[in-house]
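Please look through the sequence and the fold below before reading on. The paragraphs after them offer a guided reading of the structure.

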Amino acid sequence: MSVPDWDTSGIRKSSFENNGVKVRAPARLHLGFLDLGSHLGRRFGSIGVTLESIATEVEVLPAPSFSVTGAGAARVADVARLLCNQLNLPDRVHIRMASQIPPHAGLGSGTQLALGVGSALARFWGSRVDLRRIAWRADRGTRSGIGIAAFEGGGFILDGGSAEDTLTPPLLTRLTVPENWRWLLIFDERFQGLSGQREVQAFRELPPFSRRTAADLCYQIVLQGLPALAENRYDDFCETLAAVQRANGDYFSPAQGGRHASRDVSAVLEWLERQGWRGVGQSSWGPTGFCLLPGPETAEQVKAALEKQFAGWKGLRFQVVLSRNRGAEILRPDSKRSSGDIATTVEALSG
């Protein structure tokens with residue numbers, strides 16, 4: 001499929017952009033693929049959820065020449081230079097990284113960095129912007145559209161996978177996650193999941209994905225998982241989540257040494273299952289694991305139990321987070337809160 005050239009005519013800056021732009025891009029959990037065998041002409045298809053509390057925050061400020069400061073400056077500089085070139089934007093900016101999603105942890109750090117930097121640069125220069133083409137130019141969203149859709153509008157997401165000429169997987173469903181539900185995250189800070197060429201090679205070497213498994217997952221998500229989410233039926237949603245995680249974990253087991261990438265995270269998830277919790281699993285290639293819990297008090301109690309049970313296990317860390325039912329934020333550089341999500345801004349820029 002051909003991609004239209006970017007319309008960068010009449011690049012301008014309003015008084016808002018003259019003072020700089022800040023973008024806060026939220027982390028996400030990738031909860032599993034639906035069809036890794038392309039049995040009906042489309043491959044992958046994903047479900048995922050957007051998270052509060054964990055985010056990449058990037059500021060673009062006026063400067064006489066290009067510079068980057070903050071966490072992961074070298075990586076950020078590479079992304080920014082690539083996008084300035086691809087979007088035909090000047091690079092006379094200073095980029096300051098206030099925070100970054102932990103890389104290679106299964107939380108979508110690469111996509112959120114690219115979209116955060118790209119949208120901040122476009123907004124700073126007053127250019128028309130298309131988030132999905134920013135993602136495509138940065139080589140993001142080739143398999144999953146969860147990170148892009150999380151940036152656009154948050155919530156629980158189902159994407160439609162990729163056909164031969166798909167640029168980025170289309171958003172099929174976005175649902176609001178009940179406010180009382182909580183995600184208990186399990187981090188292994190001594191381990192990193194597959195990425196880059198190792199990830200590409202893993203996909204090449206994995207065996208065929210069963211059509212029967214793909215059909216069963218699609219059936220369960222459409223007729224059990226999505227209705228359960230819409231009706232706030234926690235137990236039924238966890239049953240669907242568990243089925244997706246089992247199928248994905250077994251499929252990826254040869255590439256990551258088991259159903260879960262980190263043995264320590266796997267031990268925590270097995271302990272949680274023995275306590276009766278069904279909505280457990282691993283995000284993307286991990287190592288981050290999760291357990292969906294029905295309320296804030298329960299989540300804090302389970303977190304305390306884990307900290308006691310696994311005290312002394314080096315690298316393990318636990319955090320309770322909410323689902324985020326809105327997308328990324330664009331702020332003034334001195335702002336701490338936003339007046340809206342990214343979709344409003346994109347609509348204004350494209351009008």
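What follows moves from the overall make-up to the cores, then to helix packing, and finally to some details of the backbone.

The model is a predicted one, and its secondary structure amounts to 11 helices and 11 strands. Of the 351 residues in the protein, 55% count as buried. When contacts between residues at least 6 apart in sequence are considered, 76% of them join residues at least 24 apart.

The buried part of the protein can be followed through its nonpolar cores. The largest nonpolar core has 58 residues, among which W183 and L272 touch the most other members. Helix α8 (residues 234-256) supplies the largest share of this core, namely 8 residues. Separate from it is a second core of 36 residues, and I95, L115, F124 and L131 are included there.

A short helix shows how burial looks at the level of one element. In helix α5 (residues 146-153), 7 of the 8 residues are buried, so this helix is largely enclosed by the rest of the structure. The buried residues are I146, G147, I148, A149, A150, F151 and G153. Just after α5, the backbone at G154 takes a positive phi of about 70°.

The next topic is how helices pair. Two packed helices are described by the angle between their axes and the distance between the axes. Helices α7 (211-230) and α8 are linked by a loop that contains N232, and the two helices pack at an angle of about 155° with their axes 8 Å apart. Angles over 145 degrees count as roughly antiparallel, and α7 and α8 are therefore roughly antiparallel to each other. Their crossing is left-handed. On the α7 side the contact involves T213, L217, Q220, I221, Q224, G225, A228 and L229, which meet D236, F237, E239, T240, A243, V244, A247 and N248 in α8. Sorted by class, this contact has 8 nonpolar, 6 polar and 2 charged residues.

A second pair is formed by helix α9 (residues 263-274) and helix α10 (residues 296-309), which pack at an angle of about 125° with their axes 12 Å apart. These two helices are therefore oblique to each other, and α9 passes α10 in a right-handed crossing. The contact is made by V268, W271 and L272 of α9 together with V302, A305, L306 and Q309 of α10. By class, it has 6 nonpolar residues, 1 polar residue and no charged residues. L272, which takes part in this contact, is also one of the residues that touch the most other members of the largest nonpolar core.

The backbone itself deserves a closer look. Most residues other than glycine have a negative phi, and most peptide bonds are trans. Against that background, F44 has a positive phi of about 80° although it is not a glycine. F44 is found in strand β2 (residues 44-62), and F44 is buried, with a relative accessible area of 9%. N232, likewise a residue other than glycine, has a positive phi near 60°. N232 lies in the loop between α7 and α8, where N232 is partly exposed, with a relative accessible area of 40%. Finally, the peptide bond from G286 to P287 is cis, with omega near 5°, and P287 has its place in the loop between β8 (280-282) and β9 (289-293).

Methods:
Residues numbered from 1 in each chain as written. Predicted model: local features only at pLDDT ≥ 70, side-chain atom pairs only at ≥ 80, totals over all residues. Heavy atoms only, no water. Axes fitted to C-alpha atoms, helices over the stretch in contact; angles between N-to-C directions. Helix = DSSP H or I, 4+ residues; strand = E, 2+ residues; numbered from the N terminus. Parallel < 35°, antiparallel > 145°, perpendicular 65-115°, else oblique. Left-handed = near helix turned anticlockwise from the far one by under 90°. Contact = heavy atoms within 4.5 Å. Nonpolar A, V, L, I, M, F, W, Y, C, P; charged D, E, K, R; others polar. Core = buried A, V, L, I, M, F, W, Y, C linked by side-chain atoms within 4.5 Å. Buried < 20%, exposed > 50% of the residue type's maximum accessible area, 1.4 Å probe, protein only.
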